[in-house]
Amino acid sequence: MTRNWELKECDQEFFQKELSTFVPDRIFDAHAHLYKTVHWGRPGETMQGPDVVTFEEYQRHMKWITPRSQTEGLFFGTGFSDDRFKDSNEFVAGEVANQRNSRGEMVVSPRMDPEEMRQEVKRLGFSGIKVYHLFVQDERTWDADIAKFLIEDHVRIANEEGWTITLHMVKQRAMAEKANQERILEYCRKYSDIKLILAHAARGFNPYHTIEGIHHLKGLQNVWCDTSAVTEAGGFEAIVETLGHERLLWGSDFPVSHGRGRCIAVGDHFVWLGEETLDWKTVAAYGPIEPILLGLESLRSLKLATQRLKLSDSQTEDIFSNNARRMLDINT
Ligand SMILES: [Zn+2]
């Protein structure tokens, strides 16, 4: 147990005060990672925590942020490189195989042969694919065009098979970037049977980017957004207002949910304030600050959005579970 990886009394008090009447009994986590530490390939940089996160280990940890809920989910690995993604996928497939109400996505390299991808997703029983910018070679990956890590040949097969695709877009202004808007529109119009999930509220870590750009996707029937690791309410509000509450999916981004702090907008950027980013004891003139788990911050932001938009309990339950289950055709 390290300083960075523990449940504290302040977390429990926060849940009790802010969230206990908000989080439903049955929830579906639309964005969570299962892994062995070795899949990350970055020892030392990895989130602190258990070395092996099985489905059961994940369930145990979810009690830290949603202590009373029964959780199902859509899971993927963390092997975001050509030499690690296959091991990572085998592990996730094994963990999800016996979970009737959960699903997995296969992490895919843009260099994977499209037909091999089709066969592997079927062999491993996945519902779709998870793509990531770290696979892009020879450039600043955080500035990559979507098509560099979600190639059209893969989208074409996802369309033929009716798969989900979880996409964490990059570039500084994310949804407010014309290049991202155009690529998403092109893929979603041309391949109407894909189910595209824009991770992190359309990467709205700075909510103003999602607020500015999400209206470009209005009218698309095959795009969803997950709430994972976002700790500002504005992006959630813009998504619900523009696309409808049916298109927002709660997600934890476990293990990111179990770090301590927030991700906030600063100017036209965003910055992660983690436990090590600053000295929480001295940063505020009035006294020490106790940061809480990021997953709890994200839940409070979602609560704020649902309050401001006056969503009903059943609409909130849709965001927490029914929307994802419908998208994935889970009827049990
Ligand atoms: Zn993630």
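Helices here are DSSP runs of H or I with at least four residues, and strands are runs of E with at least two, numbered from the N terminus. The model on screen is predicted.

**Stop 1: Ser-301**

Select helix H12, residues 294-308, and find Ser-301 within this helix. Ser-301 has a relative accessibility of 9%, so it counts as buried. Show its neighbours: beyond residues up to four places away in sequence, Ser-301 touches Val-230, Thr-231, Glu-232, Ala-233 and Phe-236.

**Stop 2: the parallel sheet**

Now display the strands E1, E4, E5, E6, E7, E8, E9 and E10. In that order, these eight strands make an open sheet with parallel pairing. At the edges are E1 and strand E10 (248-249), each of which pairs on one side only.

Start with E1 and E4, which run parallel and are joined by six bridges. Phe-28 has Glu-72 in E4 as its bridge partner. Stay on E4: six of its seven residues are buried, so this strand is largely enclosed by the rest of the structure. On to the pairing with E5, which is parallel and has two bridges. Select Phe-75 and its bridge partner in E5, Gly-104.

Next, strand E5 (residues 103-107) runs parallel to strand E6 (residues 128-131), with three bridges joining them. Glu-105 is paired here with Gly-128 in E6. Add helix H4, which packs on the sheet, touches E4 and E5, and makes an angle of about 175° with the direction of E5. Then add helix H5 (residues 114-124), lying across E5 and E6 at about 150° to E5.

**Stop 3: helix H3**

Select residues 55-62, helix H3, and colour Phe-55, Glu-57, Tyr-58, His-61 and Met-62, which are buried. Looking down the axis of H3, the buried residues fall within an arc of 160°, so they line one face of the helix. What do the buried residues of H3 pack against? Their partners are strand E1 (26-33), strand E3 (52-53), strand E4 (70-76) and helix H4 (85-96).

**Stop 4: aromatic rings**

Show the side chains of Phe, Tyr and Trp; the model has 13 aromatic pairs. In one of them, Tyr-58 and Phe-254, the ring centres are 5.7 Å apart and the planes stand at 85°, so the pair is edge-to-face. Tyr-58 belongs to helix H3 and Phe-254 to the loop between E10 and E11, so the pair ties together parts that are 196 residues apart in sequence. Tyr-58 is buried at 0% relative accessibility, and Phe-254 is buried with a relative accessible area of 0%.

Move to Phe-80 and Tyr-132. Their ring centres are 4.3 Å apart and their planes are at 35°, so this pair is tilted. Phe-80 is in the loop between E4 and H4, while Tyr-132 is in the loop between E6 and helix H6 (146-149), so that the pair links distant parts of the chain, 52 residues apart. Phe-80 and Tyr-132 are both buried.

Return to Tyr-58 and extend the selection: ring pairs link Trp-5, Phe-55, Tyr-58, Trp-64, Phe-75 and Phe-254 into a cluster.

**Stop 5: backbone geometry**

Most residues other than glycine have a negative phi, and most peptide bonds are trans. Begin with the peptide bond from Phe-254 to Pro-255, which is cis, with omega near 15°. Pro-255 is in the loop between E10 and E11.

Is His-200 buried or exposed? At 4% relative accessibility, His-200 is buried. Look for this residue in helix H9 (residues 199-203); His-200 is not a glycine, yet has a positive phi of about 60°. Asp-329, also not a glycine, has a positive phi of about 60°. Asp-329 is in the segment after helix H13 (313-327) and is exposed, with a relative accessible area of 53%.

**Stop 6: the hairpin**

Select strand E11 (residues 262-266) and strand E12 (residues 269-273), an antiparallel pair with five bridges. Cys-263 stands opposite Trp-272 in E12. Two residues separate E11 and E12 in this hairpin, and Gly-267 in the turn has a positive phi of about 55°.

**Stop 7: the nonpolar core**

Finish with the largest nonpolar core, which has 101 residues; those touching the most other members are Met-117, Ile-129, Ile-184, Leu-196, Leu-198, Ile-214 and Leu-217. Centre the view on Leu-196. Leaving aside residues up to four places away in sequence, Leu-196 touches Ile-165, Leu-167, Ile-184, Cys-188, Asn-222, Val-223 and Trp-224.

Terms used. Residues numbered from 1 in each chain as written. Predicted model: local features only at pLDDT ≥ 70, side-chain atom pairs only at ≥ 80, totals over all residues. Heavy atoms only, no water. Core = buried A, V, L, I, M, F, W, Y, C linked by side-chain atoms within 4.5 Å. Buried < 20%, exposed > 50% of the residue type's maximum accessible area, 1.4 Å probe, protein only. Contact = heavy atoms within 4.5 Å. Arc of directions from axis to C-beta. Pairing = 2+ DSSP bridges. Axes fitted to C-alpha atoms, helices over the stretch in contact; angles between N-to-C directions. Phe/Tyr/Trp six-rings, centres within 6.5 Å; stacked < 30°, edge-to-face > 60°.
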